[in-house]
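Please open the structure in your viewer and keep the selection panel at hand. The tour below goes from one selection to the next and says what is found at each.

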Amino acid sequence: MPPQRSTVSRFPKRRPDWTLVGLLGAVVFLTSACSWVGWNWDTPMSTVIPKSDFGKTTHAIFMLISWWTLGIFIAVEGILLYACWRFRERPGAAIPKQVHGHTVLEISWTIAFAVILLIFAIPTIQAIFKTQEAPAATALRVEVFGKQWWWEFRYPQHKITTANELHLPTGQAAAFFLNAPDVIHSFWIPQLGGKRDVVPHRVNLLTMTPEVPGEYPGQCAEYCGMSHANMRFRVIVHTPADFEKWVKSQQTAPVEPTDPVAQQGKTIFTQSACVGCHTINGVSAGHIGPDLTHFASRKTFAGSLMTTTPENLVKWIENPEHMKPGALMPNLGMKGEQSKALAAYLLSLK
Amino acid sequence: MATHAAFMPGAKVETPTFWGAVASWLTTVDHKRIGILYGSSAFIFFLIGGIEALIMRLQLARPDNTLVGAQTFNELFTMHGTTMVFLAIMPMSASFFNYMIPLQIGARDVAFPRLNALSYWIFLAGALFLHASFVFGAVPDGGWFGYANLTSAQFSPRHTIDFWMLGLQILGISSMLAGFNFLVTIINMRAPGMTLMRMPVFVWMSFVTQFLIVLAFPCITVGLILLMFDRFFGTLFYVPAAGGDPLLWQHLFWLFGHPEVYILILPAMGIVSEILPTFARKPLFGAPVVIYSGIMIGFFGFGVWSHHMFSVGMGPVADAAFSISTMLIAVPTGVKIFNWLGTLWGGSIRFQTPLYFALGFIAMFTMGGLSGVMHASPPVDLQQTDTYFVVAHFHYVLFGGSIFGLFGGAYYWWPKITGKLLDERLGKVHFWLMMLGFNLTFFPQHYLGLIGMPRRIYTYAPDLGWNFWNLISTIGAFTIAVSFLIFIYNVIRTTRSGKVASPDPWDGRTLEWSIPSPPPVYNFARVPQVHDRDDLWLQKYGDGHGGAPRPKAGPVTAAEIAAIHMPPTSFWPIILAIAMAVMISGLLISTYQIIIGGLLTLYCMYKFAMELHRPPEGHGH
């Protein structure tokens, strides 16, 4: 540190503190190094271990640009640190040569940047056109409806409707037709590739072919109001055979409840406002809330916020707003036995 | 005029009373005082925006946290973004425009001093109006980007969006007035001999910024007026069910919003371009190229807006076009960075606090620029947009860039503005803590984004691998907060007992260092004759090619000083700003208030225009 001065003279006496400059590098290095230690890329919503053709195409470009930019980063920070060390003021140094520029150098690095960017641009443009091609006729069509704050998935080829849980087969292209009945959302399954906004009164398209069976979380990625953070969903990628099984199970009508509590729940359901919003095949035909025909086959509910357990269901029915702020499902004042019965009925809808 | 002789900063005359001092600040038209008003207001809003960030970071420190609820969190990120962009970084830059442009171009004031005061008071009115939403419990919650149709009366029925939309319109008026004022100032008020290419690079970058302001703000104003009509008068511009288009808002907003990014960064680039030559004791390397790059950035800045919209489904042709234009804009940006490195190369670098911040700018802005190149590629962007990767990216640009640059400017020009030197040791501690805290906060956010953490979520599940680095990020944010406490302590301590600054404490190169610290109200007793971009340096050391230092001019006489005409103070700017605030807030209260406020505004505009002032003989230019 320089000694305190009463007034600053033009040439203050000071020892070179390039150790401080070294610290600049140390800070950046340490932060990166620390981060490296704690980096686990194989996480549920990782974007860097792609599990579809779409994800792989974009990831290849990401890696290409990453390596180049890492190189440029090291070059710039290296030159910066070296220049600070090499050209630090030394005691009694003369005024440095007043260089105003170097035309050849300046033109060279301008061209160098342009060339590097061209290296990024070519695969980028190829990928843009490739990933936005019209889907094949054999593709599995899925109509996606992003709503405040949950997801509806309809399979027109199979006449299935589900909520917050998307089932896909491997090896077959899936074409998502994205619809927003209210505000803008964004449909995103990080492990399967990039996102596409869901815009009211326009049908956006996203196509991809999942390659690895598994369970992948998805989430709304465009701020869409109060419970944006709670607008999640789950994607289950099956082998083609398993997918067929799932389709069959969804196409069958729900079994009549045999348990008396569940039967009582069904009565409450049909006699209350529930039917205005929810569809259960053969029972009700509301279209505002999620289709509950095979509710109990889903592992989670309410924007994939909660696992499907009796306790969670009771809590949700008794106070939706408490679990998902701003939830559009009204509190119908269900209490004790009523909500338990309703939960039992819903859990019978396998 | 004796009345305003009493009100000059640094004047020997004692200000008579407390209320006299207050009145002198409320009615000042002195660009230096207005600069101080802008700077201090901006710093207060910077702290408010910072506190909002700290609360958000606390909420996100662990999964499923319940410190604040969804609604509060949404309000916090809306106000944090709006505050930092419009009420902190822009007015901090405006503070330097105000204070430094006239000094660097050898002028006695800006072209329209009263208009300048009006800009400030309208800015303050807009900022207070926006924050009045806290008092009325209707804090904006639509994000700083306010995407339609979430902002429509159907989906946001409360007054929250009204406060935001009207506040931004008020702030827009202020920015437009200031923009035109500085354009005219820079074009018309330069000292003799200061050709455009002899202008200091900070003035050049400011010049480009003003063009961006006057061309970009009308876009958001149009967008906001359509929104206002939708919300207040039942039009359907953004209502999709009626054939309106919510994407219209996105285009209008980003046609403003992307140039706005350059409005936020170019002044800081200008500051860095002043600091580096001073402390490397060498001219800016390839100054014309740095200037042309700034112009190119400003020009291309209007052709890249849709890169904020790669995910909305514009189709492959638009995606490709905006991708190319976005990559193109990286070229002049990269050129600047290399020219700054060239400036350091071969210098005799003196490590004082302003330089630390300028070096910090280069080191951190480079990272922000490089991550920006990644999402210039739409396929990559589809994974990164609306995730914490983008949050990290633009904080490296706007904090690592703009804030480092602006605080470099604060340390650099502090002695000129206050006549006191900030403490070097505390300044360096501030720098290192800020550097450490900044990287702790934002570097892990790259990683969080890549493993899928979306933006604008108030809560997250514990099993996604996001917990640890969110906690680190929160710790980093508080480290930044501590660094600014040190800055505040430095300011308080040196204001009380700091060392007195000489006119030229850093061995500067440009005209502002040729006059006393702080400068007299008239800035230059004698308007300088300019021969070079580094005019003062040449006066001191010659041109480095055997040319001798220029002979000093004779002492300034009392008669010369007496002949200087400065504009008188005026209370119409502040009253006009209040009248406008009354009119606009009437939109939320009652029609009568709109009418009364409107009439009052018209009356004040008339008085403002007709206010008697002295005929312009003997004017300084």
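How many residues does helix α5 of chain B have, and how far does the helix reach from its first C-alpha to its last? Bear in mind at the outset that this is a predicted model. Select residues 113–135 of chain B: helix α5 has 23 residues and reaches 33 Å from its first C-alpha to its last, close to the 33 Å expected at 1.5 Å a residue. If you colour α5(B) by burial, you will find the helix mostly covered, with 17 of its 23 residues buried. Just after α5(B), pick G137(B), which takes a positive phi of about 65°.

Stay in chain B and select residues 201–233, which make up helix α7. At 1.5 Å a residue the 33 residues of α7(B) should span 48 Å, and because the end C-alpha atoms are 46 Å apart, the expected and computed spans agree. A glycine follows here as well: G234(B), just after α7(B), takes a positive phi of about 75°.

Next, show both chains together and select the residues through which they touch, which are 91 of chain B and 93 of chain A. On the side of chain B that touches chain A, the elements giving two or more residues include α4 (70–104), α8 (246–280), α14 (424–450) and α15 (467–497) of chain B. The largest share of this side, 14 residues, comes from α10(B), which you can select as residues 316–344. Coloured by class, the side of chain B that touches chain A divides into 57 nonpolar, 22 polar and twelve charged residues.

Now turn to chain A and colour it by domain, using the assignment that gives domain 1 (18–87 + 105–131), domain 2 (140–251) and domain 3 (260–348). The centres of domain 2 and domain 3 of chain A, taken over C-alpha atoms, are separated by 22 Å, and the contact between these domains takes 19 residues from domain 2 and 17 residues from domain 3. On the domain 2 side, the elements that give two or more residues are β2, β3 (160–163), β10 (232–238) and α4 (240–251) of chain A. By class, that side has six nonpolar, nine polar and four charged residues.

Within chain A, select strand β1 (residues 140–147) together with strand β5 (residues 174–179): the two run parallel and are joined by six bridges. Along this pairing, E143(A) has F177(A) in β5(A) as its bridge partner. Then add strand β2 (residues 150–155) of chain A, which runs antiparallel to β1(A) and is joined to it by five bridges. The strands β1(A) and β2(A) form a hairpin with two residues between them, and G146(A) stands opposite W151(A) in β2(A).

For the last stop, select β4, β10 and β9 of chain A, three strands that form an open sheet in the order β4-β10-β9 with mixed pairing. Here β4 (165–169) and β9 (214–219) of chain A stand at the edges, each with a single partner strand, so one side of each has no neighbour in the sheet. From one strand to the next, the twist averages 25°. The strands β4(A) and β10(A) pair in the parallel sense over five bridges, and H167(A) stands opposite I236(A) in β10(A). Finally, bring back α4(A), which lies across β4 and β10 of chain A and runs at about 135° to β4(A).

Key. Residues numbered from 1 in each chain as written. Chains lettered and ligands numbered in written order. Predicted model: local features only at pLDDT ≥ 70, side-chain atom pairs only at ≥ 80, totals over all residues. Helix = DSSP H or I, 4+ residues; strand = E, 2+ residues; numbered from the N terminus. Expected span 1.5 Å × (residues − 1). Pairing = 2+ DSSP bridges. Domains from an automatic or database assignment. Contact = placed C-beta atoms within 7 Å. Nonpolar A, V, L, I, M, F, W, Y, C, P; charged D, E, K, R; others polar. Axes fitted to C-alpha atoms, helices over the stretch in contact; angles between N-to-C directions. Buried ≥ 20, exposed ≤ 12 C-beta atoms within 10 Å, placed from the backbone.
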